[in-house]
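Trainee: Could we take a close look at one single part of this model together? I would like to start from one residue and work outwards from there.

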Amino acid sequence: MTGFPLEDTQLADDGGQIRWEGNQTIGRRLDQLADYLVIGGMEELHVTHYRRLAYAISRWPESMEALRHEGRLKQIPSIGPTIQHMVQQLVDTGTCDKWAEWAQRVPESVLDLAAIPGLGVKTARSLFMNYGIDGLPALQRALDAHRLADLQGIGPKTVVRIRQHLEAKARGEV
């Protein structure tokens with residue numbers, strides 16, 4: 001993640017609500033962490049807290065950076081000491097200990113799989129856990145070897161979407 005410490009730019013959404021660019025960045029990072037954990041093997045039920053927190057933080061009317069530096073992160077509902085520490089790390093560095101812990105077991109490139117339209121985290125998890133496909137290069141090799149059509153959960157339409165995504169990526173369009 002680049003751009004840390006956060007740029008604390010105030011934004012307004014379509015409804016006139018105050019949003020903070022940094023809060024949205026932290027929310028996206030928490031969503032990515034949830035995806036990363038699921039793809040790496042954690043039960044989806046155990047990451048729902050990260051997804052709810054990501055949503056709450058992205059819409060929080062005060063800046064996470066200000067809350068962090070004023071010691072007021074506890075004011076956000078459902079933030080205990082562990083999650084508070086994680087949010088502090090995300091505000092300060094863009095990453096956290098949980099991310100680093102999982103990065104020792106699961107390559108971050110698995111997140112590129114879930115970014116393919118129509119693929120999702122469950123399919124990305126299956127590709128990684130069951131077939132050893134850990135990123136786009138491995139996916140391209142499987143596609144070139146015509147192995148994707150044989151994989152459970154991957155139908156002909158998904159193979160076409162994967163091919164289109166990989167081709168667009170190669171052209172620099174994605």
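Trainee: Leaving aside its neighbours within four places in sequence, which residues is Leu148 in contact with?

Mentor: Happy to help! Before we start, please note that this is a predicted model, where local features need pLDDT of at least 70, side-chain atom pairs count only at pLDDT 80 or more, and totals for chains, interfaces and linings use all residues. Residues are numbered from 1 along each chain as its sequence is written, and side-chain values use heavy atoms, with hydrogens and water left out.

Now to your residue. Once neighbours within four places in sequence are set aside, Leu148 is in contact (heavy atoms within 4.5 Å) with Ile133, Leu139, Ala142, Leu143, Ile154, Val159 and Ile162. Leu148 also stands out in another way: together with Leu139, Leu148 has the most contacts inside the largest nonpolar core, which has 50 residues. Helix H1 (residues 21-39) gives this core its largest share, eight residues. A nonpolar core here is a set of buried Ala, Val, Leu, Ile, Met, Phe, Trp, Tyr and Cys residues joined through side-chain atoms within 4.5 Å. Buried means under 20% relative accessible area, exposed means over 50%, and partly exposed lies in between, using a 1.4 Å probe and protein chains only.

Some of those partners lead us to a pair of helices. Helices (H or I, at least four residues) and strands (E, at least two) are DSSP runs, numbered from the N terminus. The axes of helix H8 (residues 136-144) and helix H9, which covers residues 156-170, come within 11 Å and cross at roughly 125 degrees. That angle makes H8 oblique to H9. Axes are lines fitted to C-alpha atoms, for helices over the stretch in contact, and angles run from 0 to 180 degrees between N-to-C directions. Angles under 35 degrees count as roughly parallel, over 145 as roughly antiparallel, 65 to 115 as roughly perpendicular, and the rest as oblique.

H8 passes H9 in a left-handed crossing. A crossing is left-handed if the near helix is turned anticlockwise from the far one by less than a right angle, and right-handed if clockwise. On the H8 side the contact is made by Leu136, Leu139, Gln140 and Leu143, and on the H9 side by Val159, Ile162, Arg163, Leu166 and Lys169. By class, that contact has six nonpolar, one polar and two charged residues. Here Ala, Val, Leu, Ile, Met, Phe, Trp, Tyr, Cys and Pro count as nonpolar, Asp, Glu, Lys and Arg as charged, and the others, Gly among them, as polar.

Let's stay with H9 for a moment. His165 lies in this helix, and His165 counts as buried because its relative accessibility is 10%. Not counting residues up to four places away in sequence, His165 touches Ala115, Ile116, Pro117 and Val174.

Ile133, one of the partners of Leu148, takes us to another neighbourhood. Phe128 is in contact with Ile133 too, along with Ile39, Gly40, Val106, Pro107, Val110 and Asp134, leaving aside neighbours within four places in sequence. Phe128 lies in helix H7, and its relative accessibility of 16% is why Phe128 counts as buried.

H7 in turn brings us back to H1. The axes of H1 and H7 (residues 120-131) come within 8 Å and cross at roughly 40 degrees, which means that H1 is oblique to H7. H1 passes H7 in a right-handed crossing. In this contact Asp35, Val38 and Ile39 of H1 meet Val121, Ala124, Arg125, Phe128 and Met129 of H7. These residues divide into six nonpolar, no polar and two charged.

H1 residues turn up around Leu111 as well. Leu111 sits in helix H6 (residues 110-114) and is buried, with a relative accessible area of 16%. Beyond neighbours within four places in sequence, Leu111 contacts Gln32, Asp35, Tyr36, Ile39 and Trp99. The C-alpha atoms of Leu111 and Leu143 are separated by 18 Å, with their positions 32 residues apart along the chain.

Finally, step back to the whole chain. There are nine helices and two strands, running β-β-α-α-α-α-α-α-α-α-α from the N terminus. Of the 174 residues, 42% count as buried.
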